[in-house]
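Work through the exercises below with the model open. Try each task before you read its solution.

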Amino acid sequence: MEFVAPCLLGLEGLAANELKFRGIENVRAENGRVLFSGGYASMVRANICSSMCARVFILLAEFEARDFDTLFEGVKAADWSSFIGERDAFPVKGNSLDSALTSIPACQKIIKKAVVESLRQHYGISWFEEDGAVHQIQFRIFKNRVSVMLDTTGEALNKRGYRAMSNDAPIKETLAAAMVDLARVRADHTVIDPFCGSGTILIEAARKALGIMPGIDRSFAFEQWSQVDPDIVEAERQRARDGVRKDAAFIAYGYDIDEEALAVARRNAELAGVGDRIVFERRDISDYKESFDRATVITNPPYGERMLDIEQARELYRIMGERFERKPGHSYILISPDDSFERCFGRTADKRRKLYNGTLRCQVYMYFR
Ligand SMILES: C[S@@+](CC[C@H](N)C(=O)[O-])C[C@H]1O[C@@H](n2cnc3c(N)ncnc32)[C@H](O)[C@@H]1O
């Protein structure tokens with residue numbers, strides 16, 4: 001089978017490398033998505049292991065279409081009966097960009113009709129109850145190229161199951177995981193987030209250091225599908241459990257001025273199984289100081305969008321520049337949408353990476369020593 005795993009723009013290469021590292025085959029990075037090939041074991045593994053992808057879809061058809069007839073025939077030709085049983089539900093949703101087929105409801109209707117026609121020919125029935133397992137059909141039309149997919153994930157992969165509560169401006173778990181990846185966090189690292197909010201970056205860092213797979217605690221849509229052998233799922237879950245390294249020396253420190261955010265962070269860290277690895281403390285960035293031999297600071301300070309205004313945010317960047325000492329063994333991985341970040345911070349980054357936090361264009365600034 002061919003699979004498609006969408007991700008935030010700018011994370012494609014990182015997300016692809018992670019899947020390759022987990023033993024997934026034929027992985028290719030494209031704009032906003034990663035493709036790979038394999039059987040159900042690869043599908044289960046990608047869902048459990050990918051920290052940066054949003055979902056895993058089975059790609060059932062990909063073709064050019066500028067009119068509804070071509071859309072209908074292209075969808076009908078796909079092998080639907082191998083995936084959708086007689087009683088299964090198969091709702092359709094999707095989007096279209098820069099294409100001749102612009103009406104989403106009309107595309108939904110045509111695709112549904114085409115799938116029904118294909119299943120009708122296979123099962124010899126004309127009415128589908130759709131009271132069985134949900135097989136969400138997702139389409140994407142981009143520049144007249146149609147992709148028709150089945151969602152194997154269900155609730156998006158950034159929902160790890162540990163975020164019971166959230167504060168005002170939490171970073172998406174997938175983006176936090178990407179920053180942790182860029183920071184090259186290892187099992188013996190000391191990681192600090194001086195604007196930790198609900199603790200997402202440190203929780204992602206701790207789980208990575210301890211080998212706790214992002215999807216280990218949650219369920220997936222494919223678990224309801226009769227064609228997926230539960231033994232394969234259990235084998236992949238066991239493989240993930242075997243990878244946990246409880247002996248890792250990892251420790252992290254999270255600071256924030258907001259006591260309520262810190263309470264949320266403590267609770268989330270407990271739920272994520274890393275409560276004993278992260279110390280949370282109320283501290284203003286103006287009082288930031290640390291004396292570790294080695295430390296990795298990973299943070300998303302207020303942007304001046306949802307929190308503070310732009311000038312207040314820039315003042316924080318200036319204070320960070322003063323407080324974050326340039327010394328051997330210390331690296332700083334910082335995200336901001338503000339193009340004047342380096343000027344306010346006072347240092348040119350060793351490396352930069354452009355990416356999108358949702359629709360907001362940001363850069364990750366990396367200072368390695
Ligand atoms: C963008 S949020 C960080 C969100 C966090 N990454 C998460 O996932 O929840 C910025 C955080 O900076 C904190 N903050 C604002 N001004 C601060 C200051 N002067 N010193 C320390 N923390 C501050 C806010 O309370 C907020 O929690």
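The exercises cover the domains, one sheet and the ligand shell.

Residues are numbered from 1 along each chain as its sequence is written. The model is predicted: local features need pLDDT of at least 70, side-chain atom pairs count only at pLDDT 80 or more, and totals for chains, interfaces and linings use all residues.

**Exercise 1. Domains**

Task: find the domains of the protein chain and describe their contact.

Solution. Start with the bounds, which come from an automatic or database domain assignment. Domain 1 spans 2–151. Domain 2 is made of 173–212 + 246–367. Next, take the centres over C-alpha atoms: they lie 35 Å apart. Then count the contact residues, with C-beta atoms, placed from the backbone, within 7 Å. Domain 1 gives 9 residues and domain 2 gives 10 residues. Last, sort the domain 1 side that touches domain 2: 7 nonpolar, 2 polar and no charged residues. Here Ala, Val, Leu, Ile, Met, Phe, Trp, Tyr, Cys and Pro count as nonpolar, Asp, Glu, Lys and Arg as charged, and the others, Gly among them, as polar.

**Exercise 2. The sheet**

Task: give the strand order of the open sheet and name its edge strands.

Solution. Strands are DSSP runs (E, at least two residues), numbered from the N terminus. Two strands pair if DSSP finds at least two bridges between them. The 7 strands follow the order 10-9-8-11-12-14-13, with mixed pairing. The edges are strand 10 (278–282) and strand 13 (351–357), each paired on one side only. At one edge, strand 9 (residues 251–256) runs parallel to strand 10 over 5 bridges. Tyr253 faces Val279 in strand 10.

**Exercise 3. Strand 12**

Task: which strands pair with strand 12, and why is strand 12 largely enclosed?

Solution. Take strand 11 (residues 295–299): it pairs with strand 12 in the parallel sense over 5 bridges. Val297 is opposite Tyr332 in strand 12. Now take strand 14 (residues 360–367): it runs antiparallel to strand 12, joined by 5 bridges. Leu334 is opposite Tyr365 in strand 14. Finally, check burial (20 or more other C-beta atoms, placed from the backbone, within 10 Å of a residue's own). Strand 12 (residues 330–336) is largely enclosed by the rest of the structure because 5 of its 7 residues are buried.

**Exercise 4. The ligand shell**

Task: how many residues surround the ligand, and which are the closest?

Solution. Count residues whose C-beta atom, placed from the backbone, lies within 6 Å of the ligand. There are 20. The closest are Phe195, Gly197, Ser198, Thr200 and Asp258. By class, the shell holds 12 nonpolar, 5 polar and 3 charged residues.

Methods:
Near = placed C-beta within 6 Å. Contact = placed C-beta atoms within 7 Å. Buried ≥ 20, exposed ≤ 12 C-beta atoms within 10 Å, placed from the backbone. Helix = DSSP H or I, 4+ residues; strand = E, 2+ residues; numbered from the N terminus.
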